[in-house]
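Biologist: I'd like a close look at one part of this model, with enough of the surroundings to place it. Here is what I have open.

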Amino acid sequence: KPWDKKVFDTMNVFGRVSLDKAVKAIGGTGKNTMSGKDVYPMWSMGNHDMIEAYCRDDVEATRMVHERLLQIGF
């Protein structure tokens, strides 16, 4: 429920900001060179370990943004 106060959708508040830009805005180094558009070709080539690392990095980046937003009162 987007109207629930427990939900904070950064896209609704800040506009269409990529996770990479959000991480950089809070002082992080940003994401690696891979993006979501690279996942299917990587899968097709059997590079499943690279996809796993990409997803793990996204989770860590999301956690970093979440923790920073909590620190500043969101």
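How much area does the protein chain expose, and what share of it do carbon and sulfur atoms supply? Then take me through helix H4 (residues 48-71).

Modeller: Sure, and keep in mind that this is a predicted model. The protein chain exposes about 6000 Å², with 57% of that coming from carbon and sulfur atoms. Of its 74 residues, 15% count as buried.

Now for the part you asked about. The protein chain has four helices and zero strands, so the order from the N terminus is simply α-α-α-α. The radius of gyration is 14 Å, well over the 11 Å that the globule rule gives for 74 residues, so the protein chain is more spread out than a compact globule. Its C-alpha trace spans about 45 × 30 × 20 Å along the principal axes.

On to H4 itself. With 24 residues at 1.5 Å each, H4 should span 34 Å, and this agrees with the 35 Å between its end C-alpha atoms. Buried in H4 are Ile 51, Tyr 54, Asp 58, Ala 61, Val 65 and Leu 69. The cover over these buried residues includes helix H1 (10-14), helix H2 (19-25) and helix H3 (39-44). Just after H4 comes Gly 73, with a positive phi of about 100 degrees.

Back to the whole chain for contacts and charge. Among contacts with a separation of 6 or more, 46% are between residues 24 or more positions apart. As for charge, there are 11 positive and 10 negative side chains, and the centres of the two sets lie 8 Å apart.

How values were computed. Residues are numbered from 1 along each chain as its sequence is written. This is a predicted model: local features need pLDDT of at least 70, side-chain atom pairs count only at pLDDT 80 or more; totals for chains, interfaces and linings use all residues. Side-chain values use heavy atoms; hydrogens and water are left out. Helices (H or I, at least four residues) and strands (E, at least two) are DSSP runs, numbered from the N terminus. The radius of gyration is taken over C-alpha atoms; the globule rule is 2.2 Å times the number of residues to the power 0.38. Buried means under 20% relative accessible area, exposed over 50%, partly exposed in between (1.4 Å probe, protein chains only). Contact means heavy atoms within 4.5 Å. Accessible areas come from the Shrake-Rupley method with a 1.4 Å probe; for residues, only the protein chains shown count as cover. Lys and Arg count as positive and Asp and Glu as negative; His and the chain ends are not counted. The place of a charge is taken as NZ of Lys, CZ of Arg, CG of Asp or CD of Glu. The expected span of a helix is 1.5 Å times one less than its number of residues.
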